[in-house]
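Please consider the following predicted model. The explanation below leads through its strands, its helices and the contact between its chains.

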Amino acid sequence: MKKKKNILISSNGSSIAKILSNCLVSHNTSFINDKDLIYSNPKELEKLFEKIDVYVHIGFKGFLAKDEMELIDYHTRVTYDLLFAAGKKNVEKVISISTLELYKDYEANLTVSENWETKFPLDKPELLCANLSEKVCKEFARDQVFEVINLRLGDLRKNSDTRLSEEKFKKSINLMVNLDFSLEELKQSFNSARKKGPNWINLHLQDTFEGQKFLTNKIDNLIGV
Amino acid sequence: MKILILGGTGMLGPWVVKALKNKHQLLLTDINEPPKKYQGDFLKLSVDDINGVINAAEGMDCIINLSVLRHDRKLAFDVSTKGNYSMMNAAKIHNIKRVINTGPHFQMLGQSYEEWDFNLNPEMPPQPGTRLYAISKFLGQEIAERYSDYFGINLITLLYYNMRHHYDLTTPNEEKAVLHNDMVPFTTSWIDCGEAVRCAVEIDKSKLKSNSETFFISPMPPHNKFNSSKTFDVLGWRPKYSLENLWTKKIKKSNNHIEDSY
């Protein structure tokens, strides 16, 4: 039996936060609320991360902003402040929730996987912000503050070629919470001396079916689809 | 050219004005007033005031961003990240096709590069790490590059590291450099830093291989830590000062003044 983890989720008002809450019922979950984000000194955020094992940061459609500048501020400065505080409190793992819409500008017949660079339109700031949020998380992983799994999700609400069922999301997110970075699949050591995988792992997540838009072999291998 | 300069009264601004003022029409903006000696147009403006920047950019041919704020968390992101969002939106709205952005070398080459490798060059993918100044500038650069790519705005990014006066190797608020004792491996004279911006303003677009190009503004000392050959080859920048007294054990003396001048 896996130990229950203490999991902090970055917001509680969005639909994705509610789905996350349902998916992580077997753990102790808590949420950051709007009042927590009113701070004069970033050190005040550290109390949110007391005894937290895993922080789930929603980088796409997880924050309601009054305008585009506030949205950018949240996905850059506030995200930086939250992750900085998480590092100070020795959070072991961060799961960044992002979106497969970051590949919106590729043609549908291309075999887009985690190896492809993101390419998205700039007509709305949400996708730019999802990209910026990923970048902030990645630099914390690069500096070995904690391990980061960047989950780019398909569509949890609509039946489309990127649809993602709550069932597959639940299975995946629970696996991510407990994922051991020293697993051979992640190390890909090939006779090297590596003891663990990289601190930054990108994973694309949508349902597996004929005509699915994005390849999901990497996560399907991990969760055993 | 009509040029909007953002953050124009900081450290680099006066040297950029010096390099451009007799050839171009400048509108200097900053939250701080310029010195009384400055005779040109000035507008008090914070770079994160998106509407203010959009209004100031109307009718401009080029925008130069020199704004910087390093230490305060909120202000660093306001200036370096949101400031670039303001600037690129202004360029998009007014169809301004050339933007010159400036920043520190470590917005691209953070510790994970600098402490490990040599021949570091401006074609490398960025690794800023979590240092506040580096990451806030890097995120601004990410915004600028995305806008450049998507809206066809020509973006030239100039990266600097350590700037010194050529005459005494001092710089404001920094310790005096020690001569003949090895150097910060990317040290440039202020006057050459300003001249690099002029090169970026005036370069013919046909010489640039893509819509977004980055240059290291550094002479080429022999240590091979950073490679700025692209700046010489493409931008056509020729620094007047190599600052060699920082990286030679003895003062290099001229044997023949006339011949050395060629």
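In this predicted model, B:Thr157 stands opposite B:Thr214, a residue of strand 9 of chain B. The two threonines belong to a pairing of strand 6 (residues 154-160) with strand 9 of chain B, which is parallel and extends over 5 bridges. Helix 5 (residues 132-151) of chain B packs on the sheet here, where it touches strand 5, strand 6 and strand 9 of chain B. The direction of helix 5 makes about 160° with that of strand 5 of chain B.

The wider setting is an open sheet of 7 strands in chain B, with the order 3-2-1-4-5-6-9 and parallel pairing. Strand 3 (41-44) and strand 9 (212-216) of chain B are its edge strands, each pairing on one side only. On average, and with direction ignored, neighbouring strands of this sheet are turned by 20° against each other. In general, the strands of a sheet pair through backbone hydrogen bonds, in either a parallel or an antiparallel arrangement.

Helix 3 (residues 73-93) of chain B lies across strand 1 (2-6), strand 4 (62-65) and strand 5 (98-104) of chain B. Relative to strand 4 of chain B, helix 3 runs at about 175°.

The contact between the chains takes 19 residues from chain B and 17 residues from chain A. On the side of chain B that touches chain A, helix 3 and helix 5 of chain B are the elements that give two or more residues. Helix 5 of chain B provides the largest share of that side, with 7 residues. Sorted by class, this side of chain B comprises 9 nonpolar, 5 polar and 5 charged residues.

Conventions
Residues numbered from 1 in each chain as written. Chains lettered and ligands numbered in written order. Predicted model: local features only at pLDDT ≥ 70, side-chain atom pairs only at ≥ 80, totals over all residues. Pairing = 2+ DSSP bridges. Helix = DSSP H or I, 4+ residues; strand = E, 2+ residues; numbered from the N terminus. Axes fitted to C-alpha atoms, helices over the stretch in contact; angles between N-to-C directions. Contact = placed C-beta atoms within 7 Å. Nonpolar A, V, L, I, M, F, W, Y, C, P; charged D, E, K, R; others polar.
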